[in-house]
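Student: I'd like a close look at a single part: the surface that faces one of the DNA strands. Please take your time and set it in context.

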2 protein chains.
Amino acid sequence: MFKELDPILHSQLRLAVISLLISVKEADFTFLKEKTGATAGNLSVQLQKLKEAGYIEIEKSFKDNFPLTTCKISKDGIAAFEAYVKNLKQYISIKKEN
Amino acid sequence: MFKELDPILHSQLRLAVISLLISVKEADFTFLKEKTGATAGNLSVQLQKLKEAGYIEIEKSFKDNFPLTTCKISKDGIAAFEAYVKNLKQYISIKKEN
DNA sequence: TAGAGTAGTTTATAATATAAACTAGTTTTA
DNA sequence: TAAAACTAGTTTATATTATAAACTACTCTA
């Protein structure tokens with residue numbers, strides 16, 4: 001009856017990050033930190049997890065002498081997000097059949 | 001930007017339970033166990049958490065000599081579920097206005 | 001009356017989330 | 001120019017959560 005909710009996405013911070021990356025396509029660490037309100041440490045860890053899952057790509061460079069971490073969503077990430085949303089809908093709008 | 005997702009509800013099993021109780025109003029332990037596919041131990045723990053949060057009421061009785069645990073959603077539970085769904089929508093359908 | 005089954009609960013452990021502490025630099029400012 | 005403050009992160013320790021395994025306490029059946 002209830003489909004599994006991808007544990008990688010069923011996390012408030014990771015879901016917020018993916019949600020942002022879906023809409024902006026590319027974002028740097030500080031932007032994500034501000035928009036999500038997360039601490040840097042937590043964000044760092046969750047970005048790594050999203051990367052390990054293959055849901056985002058992370059590029060490290062420098063801008064004005066400071067380190068710059070840029071994140072982009074991947075095809076797998078988009079697919080996973082769409083599947084997650086689809087499954088989640090089962091939980092938040094019940095169909096009464098059976 | 002992103003509203004907090006009630007941690008009591010942001011759990012696959014607890015969300016499934018609440019989701020069921022919203023639609024059926026009353027359900028026993030075995031019904032919830034079958035519909036969610038959870039193990040009895042996990043379900044027992046999560047029902048206690050929902051009860052402690054005041055989201056459900058649990059009544060224990062006997063039916064045909066066997067223990068019967070009946071769960072019902074509370075007003076607070078309904079309100080929490082509605083708030084959760086409302087907040088969640090921010091995450092799964094992005095509005096581009098800042 | 002022993003074995004299997006029902007309906008759970010408790011407890012131990014694995015997984016997750018999070019903040020605090022740390023690294024490695026850069027930019028003031030005194 | 002040296003110390004203090006700031007940027008942009010990472011690592012690590014801890015608290016929280018989720019979960020399954022083990023257990024309790026019966027009942028039914030052969």
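**The surface near DNA strand D**

Tutor: Sorted by class, the surface near DNA strand D holds eight nonpolar, 10 polar and four charged residues. Here Ala, Val, Leu, Ile, Met, Phe, Trp, Tyr, Cys and Pro count as nonpolar, Asp, Glu, Lys and Arg as charged, and the others, Gly among them, as polar. Keep in mind that this is a predicted model, in which local features need pLDDT of at least 70 and side-chain atom pairs pLDDT 80 or more, while totals for chains, interfaces and linings use all residues. Residues are numbered from 1 along each chain as its sequence is written, chains are lettered from A and ligands numbered from 1 in the order written, and side-chain values use heavy atoms, without hydrogens and water.

Of the 22 residues around DNA strand D, the ones that come nearest are A:Phe29, A:Ser44, A:Lys60, A:Thr69 and B:Arg14; "near" asks for a heavy atom within 4 Å. Of the atoms of DNA strand D that come within 4 Å of the protein, sugar and phosphate account for 70%.

Now to the phosphates. An N or O atom in the side chain of A:Ser44 is 2.4 Å from a phosphate oxygen of DNA strand D, and for A:Lys60 the distance to a phosphate oxygen of that strand is 2.6 Å. Chain B takes part too, with a side-chain N or O atom of B:Asn65 3.2 Å from a phosphate oxygen of DNA strand D. Two or more residues of this surface come from each of α2 (29–36), α3 (40–52) and β3 (66–73) of chain A, and from α3 (40–52) of chain B. These elements are DSSP runs numbered from the N terminus: helices are H or I with at least four residues, strands E with at least two. The largest share, five residues, comes from α3(B).

For context, turn to DNA strand C. Among the 22 residues around it, A:Ser11, A:Arg14, B:Ser44, B:Lys60 and B:Thr69 come nearest. There, α3(A) gives the largest share of the surface, five residues. A polar side-chain atom of B:Lys60 lies 2.6 Å from a phosphate oxygen of DNA strand C, and one of B:Thr69 lies 2.3 Å from a phosphate oxygen of that strand.

How are the two protein chains arranged? A turn of 180 degrees and a shift of 0.0 Å along the axis lay chain B on chain A with an RMSD of 0.0 Å, using a least-squares fit on C-alpha atoms of residues with pLDDT of at least 70 in both. The two copies are thus related as by a two-fold rotation axis. In chain B, the C-alpha nearest that axis belongs to B:His10, 3.9 Å away.

Where the chains meet, 25 residues of chain B are in contact with 25 residues of chain A, contact meaning heavy atoms within 4.5 Å. All of the interface residues of chain B (100%) are also interface residues in chain A, so the copies meet through the same surface. The rule finds zero salt bridges across this interface, a salt bridge being a side-chain nitrogen of Lys or Arg within 4 Å of a carboxyl oxygen of Asp or Glu. On the side of chain B that touches chain A, α1 (12–24), α2 (29–36) and α4 (75–92) of chain B each give two or more residues, and α4(B) gives the most, with seven residues.

Terms used. Polar contact = N/O pair within 3.5 Å; in protein donor to acceptor, adjacent residues only side chain to side chain.
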